[in-house]
Amino acid sequence: MNAPADQANFAATLADPLVINGTAYRSRLLVGTGKYRDFAQTREAVIASGAQIVTVAIRRTNLGQDANAPSLLDALPPSEFTYLPNSAGCYTADDAVRTLKLARELLDGHALTKLEVLGDANTLFPNVRETLKAAERLVADGFQVMVYTSDDPIIARELEQIGCVAIMPLASLIGSGMGILNPWNLRLIIEQSKVPVLVDAGVGTASDAAIAMELGCAGVLMNTAIALATDPVRMARAMRLAVEAGRDAFLAGRMPRKLYAASPSSPTSGLIA
Amino acid sequence: MSFDLVVNGAAHRLAAQPATVGDLVRALNLVGKRIAVERNGEIVPKGRYEETTISPDDRFEIVAAVGGG
């Protein structure tokens, strides 16, 4: 047993929770539950990721099918995870609000929700005008809104002023795996925001997640990067480690960049020749 | 006598006309499933299934949670 290392890890995670609207979460990695081979793989990957918050979509239920067919809720019981229902696939504020109200009813009044209103079917770029409208209505109705948006700092500020509990800008387009394309905008949003800023969309591999966290993001939300990896369970683990490593690096404060230092890490005196 | 009711955007044939949303949920084998029901665009809370009566021209949406990002 390597007790000293285990205890150090434990203490570090306890001391640095992700706090969303007053609720503390141990994991800063949030994961989606779509695109997996089956529910068994979904569960295995989610557990490997260490995520406590999992996103789900709301869709018409199948009618006239086997009542005992397995469901997502069997694989990921709401007693074990915090569900974050989304409005994915909605293109208007009306549809998004309607979908999320159904989600709240379905989850017995659970008010934490991921708002996303899309503007374009090819790029899945958010429609910020509709997003702002939906956010106002949801916040007024008592929802805790984590909002997917563009990386425009002005829109991000307006969403925070409306009362969203987390701002979730894209790093690049949904499902693209293109990584962190505009770290400077993300930095501006992180600097100005008093609520957590999470990168939502665009992460392709572990280094992308680490970069997001090193920028100072409070967390990362991803789905495709894990689900479409050749080995999703191993990638889920990689993402957990990357988010933890990136967070620690951010908190530790990196050394300054220098073109060259002429300052070796080993002593310059006492050489034998 | 069978009965057609619009559920999830299409006419759905039921063995008999359900009197209440509770009857409809039973007829569709959805008892105990985690669902949400909307009747003519308004949510029917779980606690009101038995008291919410159904008219033949009502339109229902019944949703569940599925995998998604």
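Two residues are in contact when heavy atoms of theirs lie within 4.5 Å, and helices (DSSP runs of H or I, at least four residues) and strands (E, at least two) are numbered from the N terminus. This is a predicted model, in which local features need pLDDT of at least 70, side-chain atom pairs count only at pLDDT 80 or more, and totals for chains, interfaces and linings use all residues. Residues are numbered from 1 along each chain as its sequence is written, chains are lettered from A and ligands numbered from 1 in the order in which they are written, and side-chain values use heavy atoms, with hydrogens and water left out.

**Exercise 1. Helix α8 and its surroundings**

Find which residues of α8(A) are buried, and which elements cover them.

*Solution.* Begin with the meaning of the term: a residue is buried under 20% relative accessible area, exposed over 50%, and partly exposed in between (1.4 Å probe, protein chains only). Going through α8(A), we find that Ala206(A), Asp208(A), Ala209(A), Ala210(A), Ala212(A) and Met213(A) are buried. Next, look at what lies over these residues: the cover includes strand β9, strand β10 (219-222) and helix α10 of chain A. Finally, go past the end of the helix, where Gly216(A) follows α8(A) with a positive phi near 110 degrees.

**Exercise 2. Helix α8 against helix α10**

Describe how α8(A) and α10(A) cross, and say which residues make the contact.

*Solution.* The axes, which are lines fitted to C-alpha atoms over the stretch in contact, with angles from 0 to 180 degrees between N-to-C directions, come within 7 Å for α8(A) (residues 206-214) and α10(A) (residues 232-252), and they cross at roughly 25 degrees. Because angles under 35 degrees count as roughly parallel, over 145 as roughly antiparallel, 65 to 115 as roughly perpendicular and the rest as oblique, α8(A) is roughly parallel to α10(A). The crossing is right-handed, a term used when the near helix is turned clockwise from the far one by less than a right angle, anticlockwise being left-handed. On the side of α8(A), the contact is made by Ala206(A), Ala209(A), Ala210(A), Met213(A) and Glu214(A), while the residues of α10(A) include Ala238(A), Met239(A), Ala242(A) and Phe250(A). Sorted by class, this contact of α8(A) with α10(A) has 10 nonpolar, 1 polar and 2 charged residues, where Ala, Val, Leu, Ile, Met, Phe, Trp, Tyr, Cys and Pro count as nonpolar, Asp, Glu, Lys and Arg as charged, and the others, Gly among them, as polar.

**Exercise 3. Helix α6 between two helices**

Set out how α6(A) crosses α7(A) and how α5(A) crosses α6(A).

*Solution.* Take α7(A) as the partner to begin with: its axis and that of α6(A) (residues 153-162) come within 9 Å and cross at roughly 30 degrees, which makes the two helices roughly parallel. The crossing of α6(A) past α7(A) is right-handed. Here Pro153(A), Ala156(A), Arg157(A) and Glu160(A) of α6(A) meet Asn185(A), Leu188(A), Ile189(A) and Gln192(A) of α7(A), and the residues divide into 4 nonpolar, 2 polar and 2 charged. Now turn to α5(A) (residues 128-140), whose axis comes within 9 Å of that of α6(A) at a crossing of roughly 15 degrees, and these two helices are therefore roughly parallel as well. This crossing of α5(A) with α6(A) is right-handed. From α6(A), the contact uses Ile155(A), Glu158(A), Leu159(A) and Ile162(A), and by class it has 7 nonpolar, 1 polar and 2 charged residues.

**Exercise 4. A loop residue**

Is Val203(A) buried or exposed, and which residues does Val203(A) touch?

*Solution.* Locate the residue: Val203(A) is in the loop between β9 (198-200) and α8 of chain A. Its relative accessibility is 6%, so Val203(A) counts as buried. Leaving aside neighbours within four places in sequence, Val203(A) is in contact with Gly177(A), Asp208(A), Ala209(A), Val220(A), Met222(A), Ala225(A) and Met239(A).

**Exercise 5. The nonpolar cores**

Name the residues that touch the most other members of the largest nonpolar core.

*Solution.* A nonpolar core is a set of buried Ala, Val, Leu, Ile, Met, Phe, Trp, Tyr and Cys residues joined through side-chain atoms within 4.5 Å. The largest has 70 residues, and those touching the most other members are Tyr83(A), Leu115(A), Ile167(A), Met222(A) and Met239(A). Helix α4 (residues 93-106) of chain A gives the most to this core, with 7 residues. Apart from it lies another core of 16 residues, including Val21(B), Val44(B), Phe60(B) and Ile62(B).
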